[in-house]
Amino acid sequence: MVFKSGHAADNLAAEVGRLRASRVMVIAAECESETAKKVSTGFDVALHYSDVSPHVPIAKAKAARAIASEYDIDLLVCIGGGSTTGLAKAIAMTTAIVAVPTTYAGSEGTNVWGLTANSRKLTGVDNRVLPVTVIYDAELTLSLPVQLSVASGLNALAHCVDSMWAPRADPINQAFASEGIRALASGLQAVVSDPAGIGGRERALYGAYLSAVAFASAGSGMHHKICHVLGGAYGMPHAQTHATVLPHVLAFNAQHAPEAEIRIAAAFGADSAVEGLDRLCSALGAPSALKEYGFDEAAIPEAARLILPAIPESNPHVVTIDDLERLLRAVWSGRPVEG
Ligand code: NAD
């Protein structure tokens, strides 16, 4: 992992040289292509590829794999957000990845892949999709609008919170998650008060990396299972979905997970975990209602039925279909869970 603001291009060229790659495919979405061009000047590029979509539709993954094979690609360089990294992961079974993230999604720090087929998001774990090198350069996130920075940072914060009670939660990944919460809370507030400042964005990237390591180690908890269904089956935008769901899952689980509650509250420097997150979300002007992103209230019963079987047994509190419907109604409206 290489972390130095303003040095992505040098560091990337050095990594491509170290890996002795000669047929490099640079993946970046259309709106990330300017950044990608700036960052990939120090080595020969065999193919620039930009057909990136959220949640990696399987047809796009197949097309990208076919073209990588046709061009005899020996290294994938992905420059962009989680969708761009996700496409690289879908090709990566035979080819290494160097990731240059430009959001706080954290996909670059996990061995988790995701694909969407028939409106269902499939995820799996395979060490071959973990990038061999991650190059962090906070200057590349300066162009991320404040509202998207906030939503993306709360996606990272959700990795930390969910790691506290995910199936393989342990004191080591909980320590990473606690430090991730501290870094993200202070970094995101600095991004909002000074969007052009580099310090807050560096802290947010550092927190995003910690959050990804904690998440990869602990696995997916209740929060991620809910967001997978909302993204895969209903096309909800990833970061904003995480931001709107998180306060409700925390409120649901915290009272039944006293040790996690104490860790999260301490990381926020608040009297309780719920109060700490609520205060942060208000200070950031975070997205709060999924109806604003086109989620249809009528879909709630079906979404609850899709989510229920995926809730891990490790969840600190038993979850019923009624709980999920109430929680989704709160996520939809942005108001606290009723009852
Ligand atoms: P995204 O990659 O779709 O990016 C959101 C938008 O911001 C896009 O239009 C993108 O082009 C633009 N963008 C990215 N960086 C920018 C920058 N610096 N300046 C301006 N615009 C910029 O969204 P995301 O939230 O980063 O990633 C979401 C995807 O990542 C989802 O598919 C999710 O499943 C996946 N993900 C995977 C993991 C994992 O461990 N496998 C973890 C987190 C997220």
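**View 1. Asp-323 and Arg-326 share helix α13.** Both residues lie in helix α13, which spans residues 321-333, and they sit 3 residues apart, about one turn of the helix. As you look at this predicted model, you will find a salt bridge between Asp-323 and Arg-326, with their closest N and O atoms 3.1 Å apart. The two partners differ in their surroundings: Asp-323 counts as buried at 14% relative accessibility, whereas Arg-326 is partly exposed, with a relative accessible area of 35%. Salt bridges with shared partners also link Glu-297, Glu-325 and Arg-329 into one network.

**View 2. Arg-182 pairs with Glu-179 in helix α6.** Here the side chains of Arg-182 and Glu-179 meet in a salt bridge, at 3.2 Å from N to O. Helix α6 (residues 171-193) holds both of them, 3 residues apart, which is about one turn of the helix. Arg-182 is partly exposed, with a relative accessible area of 40%. Glu-179 is partly exposed as well, with a value of 27%. As a friendly reminder, side chains of opposite charge can pair when their charged atoms come close.

**View 3. Glu-259 and Arg-263 form a salt bridge in helix α10.** In this close-up, the closest N and O atoms of the Glu-259 and Arg-263 salt bridge are 3.7 Å apart. The two residues are 4 residues apart in helix α10 (residues 258-268), so about one helical turn separates them. Glu-259 has a relative accessible area of 56% and is therefore exposed, the cut-off being over 50%. Arg-263, at 25% relative accessibility, counts as partly exposed. If you are keeping a tally as you go, the model's count comes to 9 salt bridges.

**View 4. Thr-102 is a buried loop residue.** Thr-102 lies in the loop between two strands, β5 (97-101) and β6 (112-117). Its relative accessible area is 10%, so Thr-102 is buried, the cut-off being under 20%. Follow the side chain of Thr-102 and you will see that it reaches the backbone nitrogen of Gly-81 at 3.4 Å. Leaving aside residues up to four places away in sequence, Thr-102 touches Glu-32, Thr-35, Ile-79, Gly-80, Gly-81, Leu-140, Thr-141 and Leu-144. Gly-81 thus appears in this view both as a residue that Thr-102 touches and as the owner of the backbone nitrogen that the Thr-102 side chain reaches.

Methods
Residues are numbered from 1 along each chain as its sequence is written. This is a predicted model: local features need pLDDT of at least 70, side-chain atom pairs count only at pLDDT 80 or more; totals for chains, interfaces and linings use all residues. Side-chain values use heavy atoms; hydrogens and water are left out. Buried means under 20% relative accessible area, exposed over 50%, partly exposed in between (1.4 Å probe, protein chains only). A polar contact is a pair of N or O atoms within 3.5 Å; within protein, one must be able to donate a hydrogen and the other to accept it, and residues adjacent in sequence count only if both atoms are side-chain atoms. Contact means heavy atoms within 4.5 Å. A salt bridge is a side-chain nitrogen of Lys or Arg within 4 Å of a carboxyl oxygen of Asp or Glu.
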